[in-house]
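The exercises below ask you to work through a structure step by step, and each task is followed by its solution.

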Amino acid sequence: MSENLFIRKVAILGAGVMGAQIGAHFANAGVPVILFDLKAKDGAANAIGDKALANLTKLKPNPVASAKSFAYLSVANYDDNLDLLAQCDLIIEAIAERMDWKVDLFYKIAPYLNPHAIIATNTSGLSVEELANSVPESLHSHFCGIHFFNPPRYMPLVELIPSSKTDQAVLTALETFLVSGLGKSVIEAKDTPNFVANRIGVFSMMAVLEYAEKFNIPFEVVDQLTGKNLGRAKSATFRTADVVGLDTFAHVVETMTAKCKDGFESSYLIPEWLDKLIKAGALGQKTKAGIFRKDKDGIKVIDIALGDYRPADKKADPDVLAILQKKSWAEKMAALHDSTHQEAQFLWATFRDLFHYCAVLIGEITDTPRDMDLALRWGFGWKEGPFEIWQQAGWLQLAQWIKEDIAAGKTISQKPLPAWVFKLSDGVYVAGKHYDHSVEKLVELDLLPVYNRQLFPELLLNERIKIEQHTLYENAGVKLWHSGDNIGVLSFKSKMCAIGMEVLTGLDEAISVAEKQCQALVIWQEKDVFSVGANLEEFGFSIMMNGAQAVQEIISAGHRIIANKLRYSQIPVVAGVRGYTFGGGCEIMLHCDAVVAALESYIGLVEAGVGLLPGWGGSTEMAVRAAAAQDPWTDLTKRYQNLAMAKVATSAYEAQEMGFLRESDTIVMNTREVLLIAKERAKFMAQSGYRPPIKPKVKVFGEQGIATINALLANMIAGKQISEHDLWIAKNIAEVMCGGLIDKNSIVSEDWLLNLELNKFTELAISEKTADRIQHMLSTGKPLRN
Amino acid sequence: MTREVYIVAAKRSALTKAKKGSFANTRPDDLLAQLMQKTVASSGVMPEDIGDVIIGCAFPEAEQGLNVARVAAQLAGLPDSVPGMTINRYCSSGLNAIAIAANRIQTGEIEVAIAGGVESMSMIPMGGNDFSVSPAVFQNDKHIGLAYGMGITAEKVAEQWQVSRQAQDEFATASNRKADAAQKAGFFAEEITPIEISRKKANEKSGEIISTTKIVDSDEGIRADTTPEGLAKLKPAFAAAGSVTPGNSSQMTDGAGVLVLVSGEYLKQHGLKALGKFHGFAVSGVAAEIMGIGPIKAIPQLIKQQNLTLKDIDWIELNEAFAAQSLAVINELDLDSGKVNPYGGAIALGHPLGATGAVLAVRVLHGLRRTQKKYGIVSMCIGAGMGAAGLFEVC
């Protein structure tokens with residue numbers, strides 16, 4: 001059993017963009033952080049750190065999960081505050097990529113460190129072994145590389161790089177903390193240039209660059225072909241380079257040019273046209289021009305032949321796109337290989353050389369194809385890693401084709417495919433086992449205990465989840481199962497877990513079944529969203545056909561099932577939340593006894609955006625919670641604004657501040673641990689004498705509260721800041737939340753509020769402008785302001 | 001019987017920005033008490049002769065509640081026999097307090113009165129701590145103006161009186177420049193009574209309480225480097241396509257003003273030196289949604305009542321709630337802009353709601369004396385649709 005690693009405090013050395021963001025994410029996790037930098041030459045001693053903190057919230061996407069995070073962030077400087085290092089159990093060095101500077105700093109801090117402290121360098125280009133050999137002897141066993149990806153809050157991947165002297169227990173403890181405490185996805189990488197993800201990802205981009213030029217494929221067509229169509233980020237190849245910054249990209253490539261003698265050197269050269277762009281200061285997004293440039297008259301793209309920008313209006317060939325729509329990689333890859341179309345040949349060539357490269361580097365940069373695939377998934381957002389694609393396309397068939405192309409001199413490198421490739425008949429993932437080059441055979445998955453907390457871990461090809469699933473109930477909309485512990489887990493089967501009638505009736509039935517057979521219920525989704533809300537298409541259609549009658553049926557069903565049956569069920573119900581939790585999905589969450597939410601949960605009652613108000617008990621629940629607050633009016637107006645402006649929380653902590661999560665709800669850092677914790681919490685509630693709540697009596701603000709909110713709205717409409725329809729929606733929300741046009745401080749039942757909710761929702765739902773909003777949302781995915 | 005009313009002392013505190021200025025942590029009752037004590041002491045009147053203390057305040061609650069006039073009179077050390085009354089007509093409260101005090105002297109009820117105003121916008125927000133509007137306001141479209149914030153009324157005035165954004169920004173710039181010049185010339189020093197403020201903080205290291213004191217004696221709101229170009233960059237604060245911005249609106253401010261008023265008889269008997277005279281007061285209503293044009297009614301009413309013409313007036317302190325309404329009033333009444341706010345106004349110096357009437361009275365009295373002019377008017381627009389004006393004379 002490994003020892004606990006207590007990280008009381010973290011010191012980040014270097015308050016640059018990366019250092020500050022890494023610090024912010026530790027703060028998001030509730031770990032106190034001291035952000036060190038040089039002492040300012042004039043003014044406040046810690047001015048550099050102060051400025052870095054001030055700049056954090058200006059970054060997009062926001063590295064800071066909540067204003068509360070700042071309470072965990074402090075600043076210091078190397079001249080005055082090194083004594084503070086004694087309190088720090090983890091030191092992350094994130095200064096400029098200069099070996100001499102880094103070594104100097106390590107010698108400077110060494111005398112101040114506590115003996116257990118882990119020292120990790122966030123280098124992306126320098127050798128960890130060389131750094132390790134240059135640091136004081138006392139640090140050797142506790143020293144390693146830690147490579148975060150930018151932006152560190154949102155990019156899952158962290159590469160851990162041991163030196164030859166790193167203590168394995170240190171790595172284990174650190175990985176455990178990074179996974180559970182910080183919510184990251186970790187692979188161990190060997191100490192080679194650019195480590196794993198960047199080495200492969202950058203080669204893949206360089207191969208695309210090379211073959212795009214060779215096959216004469218316009219860059220916007222390259223992006224069309226190499227993005228979503230291949231299961232990769234929408235920004236594909238060239239726009240990704242623009243987002244990363246062409247100078248940064250070139251820098252990463254130069255590391256390979258200088259250090260990688262792997263037979264693929266010819267691809268590590270920045271093409272002349274790219275060099276020209278960089279020299280001209282066209283560095284991509286940050287300079288508003290790079291490979292692409294957004295002009296007033298549309299998006300332009302650099303044209304190598306032209307030597308200038310031209311409109312980015314070229315499209316990929318429909319025949320080639322059709323190949324990419326084929327069902328299996330086997331069909332796709334065979335068609336690409338056999339096609340004579342330039343675009344197909346381009347794609348085949350890039351895949352071929354990528355597979356070739358990956359195979360050659362197994363054993364050098366990592367021992368397992370599995371880690372390489374995970375690195376590409378977590379670090380570059382690929383849906384599947386290169387080995388997964390290769391194997392599905394036909395392992396030996398592709399190996400044969402690659403071999404032929406190497407022999408024909410078509411490939412970037414003449415190196416033969418390594419022998420192990422031909423020894424594996426089916427590929428690197430077989431029946432839950434995967435290939436490990438250190439033993440040159442397929443092995444069982446052997447993961448650290450921390451991964452047992454992930455009941456639904458990231459699965460690669462031919463991998464299955466381990467826990468049993470006994471189905472208790474299933475219909476077209478939902479599935480209820482348990483894993484032998486009598487804790488029901490209810491999941492929605494719909495796209496983005498949208499809630500239509502089938503989900504609603506499924507929820508109804510499942511609660512009945514769970515009450516009979518389970519000690520507790522968890523509502524949790526296998527997909528990475530909780531629910532985007534009511535199925536607008538389905539309900540919008542029935543309202544169009546049947547008007548008020550349909551509205552009443554939909555709302556009454558929600559009131560009966562969500563606001564009553566779920567809320568007052570005889571067993572505890574816990575919502576396990578991650579990702580989008582909007583509208584009706586949020587209302588289901590609100591009516592659970594407790595919530596376990598991942599930090600990365602985006603929660604909001606967004607109905608106003610489509611001209612509605614929360615009608616499945618959400619408006620009522622907000623009024624109920626406000627009435628119980630210490631300052632009910634302030635709380636009610638805050639909640640009211642959330643609803644009227646359809647605000648969405650950008651993290652679970654923000655959702656807590658906005659009142660969607662209770663102070664007592666649980667927030668976890670790793671989205672994959674949500675299910676386990678939700679089940680544990682549900683079990684705890686069941687076993688500690690759970691009784692359903694009693695129906696509350698609610699003190700409301702009545703017509704005086706409505707009038708005061710109306711006064712605020714009167715100013716907004718007079719200032720033309722909202723439309724007449726916005727005003728009407730907002731007034732209706734106010735009316736429900738204040739309990740209607742009755743005396744201030746009246747005490748009403750939940751049912752009174754629900755009835756108001758039903759009436760006001762109905763008025764909105766059958767209005768023409770709301771119908772327009774719904775239609776617009778369905779056709780464009782964006783809200784209409786009418 | 002109408003008796004003459006003389007002013008023997010007129011002082012104000014410095015004006016400081018709400019929430020971030022020097023008075024942000026100073027209670028308004030304490031501030032008023034200190035100013036009152038010093039002003040009475042400098043006036044030459046016998047404290048026991050004071051027949052009433054009348055103080056205006058726009059949101060008389062919490063720290064400035066509990067009848068702040070009586071509280072401050074007591075804290076200022078005035079005898080128990082001196083009564084106190086707090087009055088409210090929003091932004092004219094300070095001027096209205098002078099008018100009520102003057103009335104009591106004119107009618108012979110009392111010989112000496114203290115009048116003034118106070119507001120801590122740091123502690124009591126506009127609208128009060130528990131803003132609430134009657135449902136009846138929304139039962140008749142006619143009343144909707146009662147629900148409007150002041151910013152929207154300014155937008156309505158700008159639109160109806162066609163006051164351009166550029167004109168507003170230029171007016172705001174001029175206000176800052178004039179105030180800056182007046183401050184540098186030391187003119188405000190004659191108006192201001194330095195106020196000592198104290199802070200008490202915990203010294204976590206020693207476990208002791210650290211008490212500090214500081215003298216606040218100068219206005220903190222003036223932005224000398226304001227330019228129309230700079231102001232043009234600000235976004236409208238109240239209307240999507242509006243023209244009213246934080247830069248061409250008055251500032252939220254803390255401050256107080258106190259005047260000592262006596263009858264002609266008392267002045268003579270005690271051989272006191274008068275700063276000036278108070279002649280009269282007019283107030284009138286307009287539609288709430290265009291409250292900013294209130295002075296358009298109040299000023300002509302005052303002039304007429306005093307048998308004067310606008311030409312007779314040498315100095316006009318027209319409260320700059322917004323550049324938009326100030327310009328609408330100036331244009332509509334065809335005021336000589338050279339006579340309006342020669343030392344700048346609330347856009348530069350701030351607008352401590354209930355104190356403003358008294359603060360501007362202090363300014364007009366000292367200003368007329370310094371420039372050896374005769375008649376001055378203090379006027380302002382008032383929330384919910386009113387305008388007020390008062391006439392002062394330096395003899």
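## Exercise 1: a buried pair

In this predicted model, A:R310 is buried, its relative accessible area being 10%.

Task: establish which residue meets the side chain of A:R310 in a salt bridge, and where the two partners lie in chain A.

Solution. Begin with the pairing itself: the side chains of A:R310 and A:E220 form a salt bridge, with an N to O distance of 2.9 Å. Next, locate the partners: A:E220 belongs to helix 7 (residues 219-226) of chain A and A:R310 to strand 11 (residues 308-311) of chain A, so the pair, 90 residues apart, links distant parts of the chain. Finally, consider accessibility: A:E220 counts as buried because its relative accessibility is 8%, and buried means under 20%.

## Exercise 2: two further salt bridges

Task: for the salt bridge of A:E458 with A:R377 and that of A:E673 with A:R453, determine whether each partner is buried or partly exposed.

Solution. In the pair A:E458 and A:R377, the closest N and O atoms are 2.7 Å apart. A:E458 sits in the loop between strand 14 (441-443) and strand 15 of chain A, whereas A:R377 is in helix 14 (residues 369-380) of chain A, and 81 residues separate them. A:E458 is buried, with a relative accessible area of 17%, and A:R377, at 14% relative accessibility, also counts as buried.

In the pair A:E673 and A:R453, the closest N and O atoms are 3.1 Å apart. The separation in sequence is 220 residues, A:E673 being in the loop between strand 21 (666-668) and helix 23 (674-687) of chain A, and A:R453 in the loop between strand 14 and strand 15 of chain A. Here A:E673 is buried at a relative accessible area of 2%, while A:R453, at 30%, is partly exposed.

To place these pairs in context, a search of the whole structure finds 53 salt bridges over all chains; in chain B, a network of salt bridges links B:R12, B:E191, B:D219, B:E317 and B:R363.

## Exercise 3: the surroundings of a loop residue

Task: describe where A:N122 is found and what its side chain reaches.

Solution. A:N122 lies in the loop between strand 5 (118-121) and helix 4 (128-134) of chain A, and with a relative accessible area of 10% it is buried. Its side chain reaches the backbone nitrogen of A:F148 at 3.0 Å. Once neighbours within four places in sequence are set aside, the residues in contact with A:N122 include A:M18, A:I22, A:I92, A:I146 and A:H147.

## Exercise 4: the interface between the chains

Task: characterise the interface of chain B and chain A by its contacts, its buried area and its polar pairs.

Solution. First, 16 residues of chain B are in contact with 13 residues of chain A. Second, the two chains bury about 1,200 Å² between them, of which 58% is on carbon and sulfur atoms; on the side of chain B, B:F131, B:P135 and B:F138 lose the most area to chain A, together 34% of what that side buries. Third, the count of salt bridges between chain B and chain A is 0, but 5 residue pairs are in polar contact across the interface. By class, the side of chain B that touches chain A has 12 nonpolar, 3 polar and 1 charged residues.

Methods
Residues are numbered from 1 along each chain as its sequence is written. Chains are lettered from A and ligands numbered from 1 in the order in which they are written. This is a predicted model: local features need pLDDT of at least 70, side-chain atom pairs count only at pLDDT 80 or more; totals for chains, interfaces and linings use all residues. Side-chain values use heavy atoms; hydrogens and water are left out. Helices (H or I, at least four residues) and strands (E, at least two) are DSSP runs, numbered from the N terminus. Buried means under 20% relative accessible area, exposed over 50%, partly exposed in between (1.4 Å probe, protein chains only). A polar contact is a pair of N or O atoms within 3.5 Å; within protein, one must be able to donate a hydrogen and the other to accept it, and residues adjacent in sequence count only if both atoms are side-chain atoms. Contact means heavy atoms within 4.5 Å. Buried area is the accessible area (1.4 Å probe) that two parts lose on being put together, summed over both. A salt bridge is a side-chain nitrogen of Lys or Arg within 4 Å of a carboxyl oxygen of Asp or Glu. Ala, Val, Leu, Ile, Met, Phe, Trp, Tyr, Cys and Pro count as nonpolar, Asp, Glu, Lys and Arg as charged, and the others, Gly among them, as polar.
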